[in-house]
Every structure is written in structure tokens, then in C-alpha cells.
Amino acid sequence: MRLVASDMDGTVVGHDGKMSERTIRAFRACIDAGVDVVFVTGRPPRWLQPLRDQLGHTGTVICSNGALTYDLESDRVLDAKLLKPEDVYAARDIIRGLFPAATFAAETVSGFKIESGFADTATSELLGGITAEPFEASLPGEDVVKFLAREREISPDEFLAAVRPAVAHLVSTTHSAPTIALLEMAVPHINKSVTLARYAAERGIDAADVVAFGDMPNDVQMLDWAGHGYAMASGHPDALAAANLVAPPFDEDGVAQVLEERLAALRTA
């Protein structure tokens with residue numbers, strides 16, 4: 001175990017935005033033992049507070065499902081794989097043709113852009129009163145880190161199954177929300193595993209020495225790539241199918257349990 005790569009939400013961070021004390025201790029013990037720790041999340045850089053405030057993490061974070069590599073200590077983007085606005089427009093129009101009620105948003109390096117109908121009352125508060133505008137007005141001059149589509153009358157898996165093949169020539173598509181039909185799209189062929197593999201290679205770490213944790217479809221490629229890919233027992237069936245190992249559920253501090261056992265084995269060895 002030379003590198004631990006962990007998803008955040010549903011894996012080590014709960015709906016309340018908190019990491020358990022046991023999980024925090026386990027990650028700190030890994031770092032103290034000389035094991036590299038990198039978080040690999042669908043979150044944008046501005047939503048990494050649990051890592052800073054609770055864990056005190058200052059390392060690299062792979063954000064936006066692999067589209068951004070971010071340094072927490074210096075608060076800067078190290079690398080970005082960005083969508084062109086014209087590809088976002090084209091994908092939006094295809095999705096709207098399939099689901100006329102779909103609504104859209106776009107994550108850029110500088111902020112968040114939403115089109116009409118994307119944010120409900122609760123979401124509007126989280127977004128800090130961002131004004132809804134057509135992408136043609138809000139995106140010129142900005143490349144897109146992550147493109148989002150939302151549909152309120154379908155399940156997340158059904159939405160993904162219908163949209164992914166229709167827009168595959170423009171974007172890669174996944175989802176990470178258990179109950180909300182919210183698709184996350186990035187540059188084709190970019191996902192968590194691609195950026196994680198590059199991060200590991202730059203440090204001379206083989207996939208065989210990587211322990212990865214995740215729980216949702218956006219973790220599938222990462223769990224398949226890692227030599228020791230753990231899906232959370234509480235996770236999505238696609239994550240469980242992709243992983244070669246299963247961690248106890250999130251609410252039993254599953255990641256901490258696995259890391260404690262592996263660290264004990266390292267000390268014994």
C-alpha cells in the first residue's frame with residue numbers, strides 16, 4: 001500500500017458534510033506511515049472544506065471526476081482537462097431533445113453557471129444566489145470543467161443509460177447522486193482513473209500498490225484500475241461490480257476499518 005485514493009461523498013464524507021473521527025485518524029496514520037493519500041472526487045475545488053477543516057489535508061486533490069488536479073496548500077489548479085463551450089451547447093441540445101424538461105449547469109474554473117430551472121429553492125441557497133442565464137450568455141470566454149444535466153421525473157440510472165450513448169462523441173458521462181437524476185459530463189475519455197493513473201505514475205507507483213475506495217458509478221473506472229479497489233458495501237451496484245474487494249458500509253467507518261487492517265499488516269511486515 002503505497003497510495004490510498006479515496007472518493008469523498010458516501011465513502012468518507014456523510015450527508016452532513018462530516019468525516020468521522022475514526023476515519024480522520026486512519027488517514028492521518030497512513031500519512032504518518034509514509035503512504036501517499038489523494039482524494040478523488042466529483043466535487044469542485046470550492047467544496048473541499050471537509051478535507052481542509054476536518055482532516056487538515058494540504059495535498060493534491062483530483063476534482064470534478066478527474067477533470068481538475070488541485071493543490072490544496074497553494075489553492076491552485078495544477079492541471080485541467082476542459083470542455084469547449086460549443087461541445088457543451090451541442091450536448092445540451094441533444095439531451096434536451098431526449099428529455100425536454102431537463103435543466104443544465106456548468107462548472108468552470110472561475111465559478112458555476114446555471115440555466116433556467118436548474119436550481120430549486122434549497123439549491124439556490126447553496127449556490128449563493130447565482131443568476132440563471134442561457135449558456136450562450138454566460139459561457140463565452142470560459143472553458144468548462146464539468147457539465148451537469150438534471151431531470152426530475154426519472155431515476156439516475158435510467159437518465160444515464162439514455163444520455164450516455166447519445167452524447168459520447170462530445171462528452172464522457174457519469175453520475176454520483178444516489179437519488180437525484182443529475183448527470184456529470186467531462187471531456188471524452190476523462191474519468192477518475194485516468195487522472196489517478198497519471199498521478200501515480202508521476203510518483204513511480206504501480207496500480208498494484210494502490211488502494212482505492214468509492215461507492216458510485218463515477219468511481220467505477222478507478223475501482224477497476226486500482227490493484228486493491230474497494231467498493232463500499234453501502235454503495236451502488238455498478239461500483240460493487242467493478243471492485244475486486246468490498247469495504248464495510250460507510251456508516252460503519254468502512255474505509256477506516258480497511259486502512260487500520262492494512263496499516264497493521266504493513267507494520268507486521
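In this predicted model, the second largest pocket holds about 270 Å³ of space. Its lining comprises 20 residues. Ser172, Thr173, Ile190, Asn191 and Gln221 lie nearest the centre of this pocket. Two elements give two or more residues each to the lining: strand 9 (172–175) and strand 10 (181–186). By class, nine of the lining residues are polar, seven are nonpolar and four are charged.

A second region of interest is strand 1, which spans residues 3–6. In a regular strand, side chains alternate between the two faces of the sheet. Strand 1 shows two such sets of side chains. Leu3 and Ala5 point one way, whereas Val4 and Ser6 point the other way. All four residues are buried.

Strand 1 pairs with strand 2 (residues 36–40). The pairing is parallel and runs over four bridges. Within strand 2, Phe39 is the bridge partner of Ser6. The connection between these strands passes through helix 1 (residues 21–32). The resulting β-α-β crossover is right-handed.

Strand 1 also pairs with strand 11 (residues 210–214). Here too the strands run parallel, and four bridges join them. Ser6 has Phe213 as its bridge partner in strand 11. Ser6 therefore has a phenylalanine partner in each of two strands, Phe39 in strand 2 and Phe213 in strand 11.

How values were computed. Residues numbered from 1 in each chain as written. Predicted model: local features only at pLDDT ≥ 70, side-chain atom pairs only at ≥ 80, totals over all residues. Heavy atoms only, no water. 1 Å grid on protein atoms, 1.4 Å probe; cavity = no way out; pocket = protein on both sides within 12 Å on 5 of 7 lines; lining within 4 Å. Points joined across faces, edges and corners; volume = space filled by probe spheres on them. Nonpolar A, V, L, I, M, F, W, Y, C, P; charged D, E, K, R; others polar. Buried < 20%, exposed > 50% of the residue type's maximum accessible area, 1.4 Å probe, protein only. Pairing = 2+ DSSP bridges. Right-handed = clockwise from strand over helix to strand, strands pointing away.
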